Amino acid sequence: MLTTSRKWGELWHLDGLAREQRNALLRARDTYDYAFTDWLYGPTALTPEQEPDMSTPIPLSSATPVGT
(Lines give C-alpha, C1' and ligand atoms only; values in the text may rest on other atoms or scores of the structure.)
Protein backbone atom coordinates (compact mmCIF):
# COMPACT_ATOMS: atom_id res chain seq x y z
CA MET A 1 0.00 0.00 0.00
CA LEU A 2 2.76 2.43 0.93
CA THR A 3 4.79 1.79 -2.23
CA THR A 4 1.75 2.30 -4.44
CA SER A 5 0.78 5.47 -2.59
CA ARG A 6 4.24 6.90 -3.14
CA LYS A 7 4.03 6.19 -6.89
CA TRP A 8 0.61 7.86 -7.11
CA GLY A 9 2.02 10.83 -5.18
CA GLU A 10 4.86 11.13 -7.68
CA LEU A 11 2.34 10.99 -10.52
CA TRP A 12 0.17 13.78 -9.08
CA HIS A 13 3.08 16.12 -8.36
CA LEU A 14 4.53 16.33 -11.86
CA ASP A 15 5.05 19.57 -13.74
CA GLY A 16 6.04 20.72 -17.21
CA LEU A 17 5.96 18.20 -20.06
CA ALA A 18 5.52 15.22 -17.72
CA ARG A 19 2.38 16.86 -16.29
CA GLU A 20 0.95 17.40 -19.78
CA GLN A 21 1.72 13.78 -20.72
CA ARG A 22 0.06 12.52 -17.52
CA ASN A 23 -3.03 14.60 -18.24
CA ALA A 24 -3.24 13.27 -21.81
CA LEU A 25 -3.05 9.67 -20.58
CA LEU A 26 -5.68 10.19 -17.90
CA ARG A 27 -8.06 11.99 -20.27
CA ALA A 28 -7.82 9.07 -22.71
CA ARG A 29 -8.92 6.53 -20.10
CA ASP A 30 -12.51 5.40 -19.67
CA THR A 31 -14.15 6.90 -16.58
CA TYR A 32 -15.01 3.40 -15.36
CA ASP A 33 -11.57 1.85 -15.93
CA TYR A 34 -10.36 0.71 -12.52
CA ALA A 35 -7.41 -1.32 -13.79
CA PHE A 36 -4.93 0.51 -11.56
CA THR A 37 -7.01 0.39 -8.37
CA ASP A 38 -8.81 -2.96 -8.61
CA TRP A 39 -6.07 -4.61 -6.52
CA LEU A 40 -7.16 -2.41 -3.62
CA TYR A 41 -10.92 -2.88 -3.90
CA GLY A 42 -11.06 -6.33 -5.51
CA PRO A 43 -11.18 -9.78 -3.90
CA THR A 44 -8.96 -10.37 -0.88
CA ALA A 45 -6.02 -12.72 -1.36
CA LEU A 46 -5.54 -15.09 1.54
CA THR A 47 -2.14 -16.30 0.35
CA PRO A 48 0.57 -14.72 -1.84
CA GLU A 49 -0.30 -17.09 -4.68
CA GLN A 50 -3.81 -15.62 -4.81
CA GLU A 51 -2.63 -12.05 -5.27
CA PRO A 52 -3.51 -10.59 -8.68
CA ASP A 53 -0.78 -9.46 -11.04
CA MET A 54 0.14 -5.80 -10.79
CA SER A 55 -1.01 -3.49 -13.58
CA THR A 56 1.41 -2.88 -16.41
CA PRO A 57 2.84 0.66 -16.14
CA ILE A 58 2.09 3.06 -19.00
CA PRO A 59 5.14 5.23 -19.76
CA LEU A 60 4.45 8.96 -19.80
CA SER A 61 6.52 9.21 -22.97
CA SER A 62 3.81 7.26 -24.82
CA ALA A 63 1.40 10.21 -24.53
CA THR A 64 1.23 13.22 -26.79
CA PRO A 65 0.11 16.30 -24.87
CA VAL A 66 -2.83 18.27 -26.28
CA GLY A 67 -1.72 21.09 -28.55
CA THR A 68 1.59 19.55 -29.60
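**Group meeting talk: a three-helix model and its largest pocket**

I will begin with the pocket, where helix H1 is the element that gives the most to the lining of the largest pocket, with six residues. Before going further, I should say that what you see above is a predicted model, and the values I quote have been computed from it.

Let me stay with this pocket for a moment. The general idea behind the search is that rolling a probe the size of a water molecule over the atoms shows where empty space is left. For the largest pocket, the volume comes to about 800 Å³, and 26 residues line it, with Trp8, Leu11, Phe36, Pro57 and Ile58 lying nearest its centre. Two elements give two or more residues to this lining, namely helix H1, which covers 2–12, and helix H2, which covers 16–28. If we sort the lining residues by character, we find 14 nonpolar ones, together with six that are polar and six that are charged.

Now let me step back to the protein as a whole. Its secondary structure consists of three helices and zero strands, and along the sequence this reads as the pattern α-α-α. As for its dimensions, the C-alpha atoms fill a box of roughly 45 × 25 × 15 Å, taken along the principal axes. The radius of gyration is 14 Å, whereas a compact globule of 68 residues would have one near 11 Å.

What about burial and surface? Of the 68 residues, 10% count as buried, and the accessible surface of the protein comes to about 5,900 Å², with 58% of it belonging to carbon and sulfur atoms. Turning to contacts, if we take those with a separation of 6 or more, residues 24 or more positions apart account for 68% of them.

I would like to look next at a few individual residues, beginning with Ile58, which we have already met among the residues nearest the centre of the largest pocket. Ile58 lies in the segment after H3, and, leaving aside residues up to four places away in sequence, it touches Leu25, Arg29 and Phe36. Phe36, too, is one of the residues nearest the pocket centre. Is Ile58 buried, exposed or partly exposed? Ile58 counts as partly exposed, because its relative accessible area is 43%, which falls between the limits of 20% for buried and 50% for exposed. Measuring along the model from C-alpha to C-alpha, Ile58 and Leu14 are 15 Å apart in space, with their positions 44 residues apart in sequence.

The segment after H3 also holds Thr56 and Leu46, with helix H3 itself covering 38–41. Thr56 has a relative accessibility of 62% and therefore counts as exposed, and Leu46, at 74%, counts as exposed as well. How far apart in space are Thr56 and Leu46, C-alpha to C-alpha? The answer is 23 Å, for two residues that are ten apart in sequence. Leu46 can also be set against Ala35, which is eleven residues away in sequence and 21 Å away in space, again from C-alpha to C-alpha.

Finally, let me take one residue from a helix, Glu20, whose place is in helix H2. With a relative accessibility of 33%, Glu20 counts as partly exposed, and its C-alpha atom is separated by 17 Å from that of Lys7, which is 13 residues away along the chain.

How values were computed
Residues numbered from 1 in each chain as written. Predicted model: local features only at pLDDT ≥ 70, side-chain atom pairs only at ≥ 80, totals over all residues. Heavy atoms only, no water. 1 Å grid on protein atoms, 1.4 Å probe; cavity = no way out; pocket = protein on both sides within 12 Å on 5 of 7 lines; lining within 4 Å. Points joined across faces, edges and corners; volume = space filled by probe spheres on them. Helix = DSSP H or I, 4+ residues; strand = E, 2+ residues; numbered from the N terminus. Nonpolar A, V, L, I, M, F, W, Y, C, P; charged D, E, K, R; others polar. Rg over C-alpha atoms; globule rule 2.2 N^0.38 Å. Buried < 20%, exposed > 50% of the residue type's maximum accessible area, 1.4 Å probe, protein only. Contact = heavy atoms within 4.5 Å. Areas by Shrake-Rupley, 256 points an atom, 1.4 Å probe, with all protein chains shown as cover.
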